[in-house]
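Got your viewer open? Let's take a short walk through this model, one selection at a time.

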Amino acid sequence: MRRPVFTIATCAALALGATALSACGHTTEQRAATGAIAGAVVAGPVGAAVGGAAGAARPD
């Protein structure tokens with residue numbers, strides 16, 4: 001049986017890493033791409049869509 005505290009801590013660390021990477025880049029396309037990659041690592045296809053949208057929404 002998995003320990004819930006370890007799982008929550010792992011998910012939180014991955015989410016923090018994805019957030020840090022979600023807006024890397026100089027152009028909208030670069031930020032959307034890094035957001036999509038980070039989101040895919042954390043949450044699969046749904047995370048990729050959300051990360052891409054979040055990266056593209058950041059103002060220049």
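Before you click anything: a residue counts as buried here when its relative accessible area is under 20%. Also keep in mind that this is a predicted model.

With that cut-off, select α2 and colour its buried residues: Arg31, Ala32, Gly35, Ala38, Gly39, Gly47, Ala48, Gly51, Gly52 and Gly55.

Now zoom out to the whole protein chain. You'll find two helices and zero strands. Of the 60 residues, 20% are buried. Turn on the surface and you have about 4,200 Å² exposed, with carbon and sulfur atoms supplying 74% of it. If you list contacts with a separation of 6 or more, 36% of them join residues 24 or more positions apart.

Next, back to α2, residues 28-57. Put a distance between its end C-alpha atoms: α2 spans only 8 Å, whereas a straight helix of 30 residues would span 44 Å at 1.5 Å a residue. Where should you look for a kink? Go to Ala43, where α2 has a kink of about 150°. Step along a little and you reach the proline Pro45, as the kink comes shortly before it.

Last stop, the outside. Select Leu14, Ile37, Val41 and Val42: together they form a nonpolar patch on the surface, with about 370 Å² of accessible area. Helix α2 gives the most to this patch, with three residues. Click on Val41, which sits in α2. Is Val41 buried or exposed? Val41 is exposed, because its relative accessible area is 61% and the cut-off for exposed is over 50%.

Notes:
Residues are numbered from 1 along each chain as its sequence is written. This is a predicted model: local features need pLDDT of at least 70, side-chain atom pairs count only at pLDDT 80 or more; totals for chains, interfaces and linings use all residues. Side-chain values use heavy atoms; hydrogens and water are left out. Patches are made of residues with over 30% relative accessible area and no salt bridge: like charges are joined within 9 Å, nonpolar side chains (Val, Leu, Ile, Met, Phe, Trp, Tyr) within 5 Å. Accessible areas come from the Shrake-Rupley method with a 1.4 Å probe; for residues, only the protein chains shown count as cover. A salt bridge is a side-chain nitrogen of Lys or Arg within 4 Å of a carboxyl oxygen of Asp or Glu. Helices (H or I, at least four residues) and strands (E, at least two) are DSSP runs, numbered from the N terminus. Buried means under 20% relative accessible area, exposed over 50%, partly exposed in between (1.4 Å probe, protein chains only). Contact means heavy atoms within 4.5 Å. The expected span of a helix is 1.5 Å times one less than its number of residues. The bend at a residue is the angle between axes fitted to the seven residues ending there and the seven starting there.
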